[in-house]
Each structure stands twice: as structure tokens, then as C-alpha cells.
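This report describes a helix, its packing against a second helix, and one strand residue. The sequence and structure are shown below.

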Amino acid sequence: MLVEFNAMPDTSRVWIYQANRSLTKDELNEVENGLKEFLKDWTAHGADLKAAFEIRYKRFIVIALDQSINAASGCSIDASVHYIQSLEKKYDIDLLDKMNVSYKQGEYVAYKTLI
């Protein structure tokens with residue numbers, strides 16, 4: 001069950017995926033539409049999950065889950081990671097590499113690898 005991001009409670013479980021580059025306008029539209037479809041059908045053991053997303057600075061995909069209704073299971077988390085991996089392949093971006101850091105520099109978001 002997809003809801004508006006601002007409607008999610010402060011106690012929501014949150015996943016943040018940072019891209020190694022900014023998404024283009026076309027990519028943003030496609031990613032948003034794909035996330036809407038994925039989260040609309042996201043379930044845990046057949047039970048709907050109340051979820052929302054937003055994309056910040058054309059670079060950060062933020063997914064929130066209200067676990068007070070139904071908690072994520074290992075299978076549902078795996079499904080979300082597989083979906084993120086499909087975005088990596090489709091758009092040739094890194095979303096799961098933890099050896100990177102992003103920071104705001106003026107109005108821009110800078111991206112650096114830690115290696």
C-alpha cells in the first residue's frame with residue numbers, strides 16, 4: 001500500500017540509497033513510476049506493507065515503511081534489495097556501495113569514494 005511520504009509516522013523504518021551520480025530528469029520520472037508500482041504491490045507473507053518513498057537531490061532514494069501495521073520480513077526486504085539492484089543495472093548507477101559519502105556543498109551534493 002503506497003501512501004504519501006509525509007503521511008508516514010516518525011517511527012517508520014527507513015532505507016536510504018545514495019546514487020553515485022545525479023539522475024537525469026527522464027531517469028527520475030522512470031524511477032519514481034517504477035517505485036510507485038513496486039511499493040504498491042510490496043508485501044510481507046501476503047500482507048500489504050504501508051510504504052512511501054521520496055527522491056532527494058536527484059540522488060537519494062528514501063523508502064519508509066510503517067511497521068506498526070505489518071513488519072517487513074526477510075523475503076520482503078530481499079525483494080526491495082533486488083528491486084534496487086535492478087535500478088543499478090538499468091541506469092548504470094551504484095546504489096548499494098557503502099564505501100561512498102555524499103555531502104552538501106552550497107547548492108550541490110558532492111560525492112566521494114572512501115577508498
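At what angle do α1 and α2 pack, and how far apart are their axes?

## Basis of the model

The model is predicted: local features need pLDDT of at least 70, side-chain atom pairs count only at pLDDT 80 or more, and totals for chains, interfaces and linings use all residues. Residues are numbered from 1 along each chain as its sequence is written, and side-chain values use heavy atoms, leaving out hydrogens and water.

## Packing of α1 and α2

The two helices, α1 and α2, pack at about 160°, with axes 12 Å apart; angles run from 0 to 180 degrees between N-to-C directions, and the axes are lines fitted to C-alpha atoms over the stretch in contact. They are therefore roughly antiparallel (an angle over 145 degrees). From α1, the contact (heavy atoms within 4.5 Å) involves Glu27, Glu30, Val31, Gly34, Leu35 and Phe38. The α2 side contributes Ala79, Ser80, Tyr83, Leu87, Lys90 and Tyr91.

## The buried face of α1

Residues buried in α1 (under 20% relative accessible area, 1.4 Å probe, protein chains only) are Glu27, Leu28, Val31, Gly34, Leu35, Phe38 and Leu39. Viewed down the helix axis, they fall within an arc of 135°, so they line one face of α1; the arc is taken from the directions from the axis to the C-beta atoms. These buried residues pack against β4 (50–56), β5 (60–66) and α2 (74–91). On the face turned away from them lie Lys25 and Asp26, which are exposed (over 50%).

## Ala47

Ala47 lies in strand β3, residues 47–48. Not counting residues up to four places away in sequence, Ala47 touches Trp42 and Asn70.

How values were computed. Helices (H or I, at least four residues) and strands (E, at least two) are DSSP runs, numbered from the N terminus. Angles under 35 degrees count as roughly parallel, over 145 as roughly antiparallel, 65 to 115 as roughly perpendicular and the rest as oblique.
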